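Please open the model in your viewer and keep a selection panel at hand. The stops below move from one selection to the next, and each says what to look for there.

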Amino acid sequence: MSVVLTGRADGSTHREVELLSTLPGELRLIGGLAVMCRVGAPHRATVDIDALARGLDRFHDVLVRLALTSVGGGQYTFDGDLDLDVIDVAAVGADDLVTEILGLGEPGSELTDLELNAVAHTWAHDSATALDIVAVDEETARVLARADDRLVATTAGLVVMKATTVSLRASSKPEKRSSDLYDLGRLLVSGGLKRGDLGLLPPPLLEAVGSRLNAWFVEARGRDRTFREVRRFDEPRLELDDVAEAVTEALG
């Protein structure tokens, strides 16, 4: 499957796709560029690349050779001031990770927000699918760069990661919470999410994600706050009535 992204020569989309084509194929693309791929329409601009890996140590030496600098913790800077942030996921699958975490706690304990986020990233890593990503000039349609057969988080994977990240955003960075909510809305409306896609999640993760999506986009009080937070993003405009319908459909 191919996805075509428009942009300017030497613009951020051109340079990001060009960089992506040089990275190890085992990395799973997430973040803004992945959202652009999944919504299949213009979206807010991105300025870096985010990815998932299982066993980052296996790829670190390759990434260091490609990068200009590496400050550790999966963060790399490349030519043109492009940043790559790689998150290392659990060594086991999401269901096994839930079992392991709950087995370490008290009987009847629930996953914390941070643990839910770790499970979400692991699930997104393992459910990623391949795309051929092509950047073309927005005026001439000339191909600027392409990254074929790249593993990209699915719409469902991006939704669960963002739904479990919002509550972890520091109050000092309200713009990140707002952008996550905007991305969530766009993914739910335009990302091709089908009824049943979220049903594949481990039950504790599905329950948490469903509760949060309803609170942010369906329940009146939460929608009012969400509207105030995402109104700074007006291109493309996010219609919360459409998002509410998409949430109801996705959760069955």
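Select helix α7, residues 174-190, in this predicted model: twelve of its 17 residues are buried, so the helix is largely enclosed by the rest of the structure. The buried positions are Arg177, Ser178, Ser179, Asp180, Leu181, Tyr182, Asp183, Leu184, Gly185, Arg186, Leu187 and Leu188, a list in which charged residues such as Arg177 and Asp180 appear beside leucines. If you now display the surrounding helices, you will find that these buried residues pack against α2 (31-39), α6 (155-165), α8 (203-218), α9 (220-230) and α10 (240-250). A check on the geometry of α7 can be made from its ends: at 1.5 Å a residue its 17 residues should span 24 Å, and the end C-alpha atoms are 24 Å apart, which agrees. Just after the helix, Gly192 takes a positive phi of about 75°.

Next, select Thr226, which lies in helix α9, one of the helices against which the buried residues of α7 pack. Thr226 has a relative accessibility of 1% and therefore counts as buried, the cut-off being under 20%. Leaving aside residues up to four places away in sequence, Thr226 touches Leu181, Trp216, Phe217 and Leu240, and Leu181 is itself among the buried residues of α7. Show the polar atoms here as well, since a polar atom of the Thr226 side chain lies 2.7 Å from the backbone oxygen of Trp216.

Now turn to the strands, where eight of them form an open sheet with mixed pairing, in the order β1-β7-β8-β2-β3-β6-β5-β4. The edge strands are β1 and β4 (69-72), each of which pairs on one side only, and neighbouring strands of the sheet are turned by 30° against each other on average, with direction ignored. Within this sheet, select β3 (residues 48-53) together with β6 (residues 82-88), which pair in the parallel sense over six bridges; Asp48 has Asp83 in β6 as its bridge partner. Then add helix α2, which lies across β1, β2 (28-30), β3, β7 (129-137) and β8 and runs at about 90° to β2.

From β3, move on to Arg54, in the loop between β3 and α3 (57-66). What does the side chain of Arg54 make a polar contact with? The partner is the side chain of Asp126, at 2.8 Å, and the C-alpha atoms of these two residues, 72 residues apart along the chain, are separated by 9.4 Å. Not counting residues up to four places away in sequence, Arg54 also touches, among others, Phe59, Asp88, Val89, Thr122 and His125. At 22% relative accessibility, Arg54 counts as partly exposed.

For the last stop, colour the backbone by phi and select two aspartates. Most residues other than glycine have a negative phi. Asp10, however, has a phi near 70°, and Asp149 has a positive phi of about 55°. Their settings can be read side by side: Asp10 is in the loop between β1 (2-7) and α1 (12-20), whereas Asp149 lies in strand β8 (residues 143-152). Asp10 is exposed, with a relative accessible area of 58%, and Asp149 is exposed as well, with 53%.

Terms used
Residues are numbered from 1 along each chain as its sequence is written. This is a predicted model: local features need pLDDT of at least 70, side-chain atom pairs count only at pLDDT 80 or more; totals for chains, interfaces and linings use all residues. Side-chain values use heavy atoms; hydrogens and water are left out. Helices (H or I, at least four residues) and strands (E, at least two) are DSSP runs, numbered from the N terminus. Buried means under 20% relative accessible area, exposed over 50%, partly exposed in between (1.4 Å probe, protein chains only). The expected span of a helix is 1.5 Å times one less than its number of residues. Contact means heavy atoms within 4.5 Å. A polar contact is a pair of N or O atoms within 3.5 Å; within protein, one must be able to donate a hydrogen and the other to accept it, and residues adjacent in sequence count only if both atoms are side-chain atoms. Two strands pair if DSSP finds at least two bridges between them. Axes are lines fitted to C-alpha atoms, for helices over the stretch in contact, and angles run from 0 to 180 degrees between N-to-C directions.
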